[in-house]
Amino acid sequence: MYRQSLPPTEASIESAGVWARGIAKAEEPGLAAVADQVTRGLLSAALRRTPPGGRIHVEIDITADGFRIEVEDPGLPDPTGGIETAELSSVTTSFGASCGPEGHRTWVLLRRQRMAS
């Protein structure tokens, strides 16, 4: 499992995308571009919800089902949607979000690429 904690700045979006792409290249090379895209989108949404001084937590896990990306921030859900509703269904196997006293959490599962025979 890979984890990092980021400040709510525009630079964190780039940093997290590059980080996710690097992990995917090492673990699931066929998912590198989409891991970068999804991570940037999730960070962008989290940035809108995170107050100055807050932290955004990103976790990547390689599971039997695929490449799981989770982003947690201290805010409430974004009523405008963002990547959670607009793009995730087209590039993921499954995704979800929850909100509780600790903040907002969004996760996605990118399906593991099958090798052609």
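Start by selecting Val 71 in this predicted model. Leave aside its neighbours within four places in sequence, and Val 71 is in contact with Leu 42, Leu 43 and Ala 46. Its other contacts of this kind are Ile 56, His 57, Val 58, His 104, Arg 105 and Thr 106.

Next, the core. Val 71 is among the residues with the most contacts inside the largest nonpolar core, which has 23 residues. Select the others on that list: Ala 35, Val 38, Leu 43, Phe 67, Ile 69 and Leu 110. Now colour the elements that each supply at least two core residues: α1 (10–27), α2 (32–49), β2 (56–62), β3 (66–73) and β5 (103–111). Which element gives the largest share of this core? It is α2, with eight residues. In soluble globular proteins, nonpolar side chains tend to be buried together.

Now show the strands. Five of them form an open sheet, in the order β1-β2-β3-β5-β4. The pairing is antiparallel. Look to the edges for β1 (2–6) and β4 (94–100). Each has a single partner strand, so one side of each is left without a neighbour in the sheet. On average, neighbouring strands are turned by 10 degrees against each other, direction ignored.

Zoom in on β1 and β2. They pair over five bridges, in the antiparallel sense. Select Arg 3: its bridge partner in β2 is Glu 59.

Finish with the helices. Select α1, which lies across β1, β2 and β3. It runs at about 175 degrees to β1. Then select α2, which lies across β1, β2, β3 and β5. The angle of α2 to β3 is about 15 degrees.

Note on methods:
Residues are numbered from 1 along each chain as its sequence is written. This is a predicted model: local features need pLDDT of at least 70, side-chain atom pairs count only at pLDDT 80 or more; totals for chains, interfaces and linings use all residues. Side-chain values use heavy atoms; hydrogens and water are left out. A nonpolar core is a set of buried Ala, Val, Leu, Ile, Met, Phe, Trp, Tyr and Cys residues joined through side-chain atoms within 4.5 Å. Buried means under 20% relative accessible area, exposed over 50%, partly exposed in between (1.4 Å probe, protein chains only). Helices (H or I, at least four residues) and strands (E, at least two) are DSSP runs, numbered from the N terminus. Contact means heavy atoms within 4.5 Å. Two strands pair if DSSP finds at least two bridges between them. Axes are lines fitted to C-alpha atoms, for helices over the stretch in contact, and angles run from 0 to 180 degrees between N-to-C directions.
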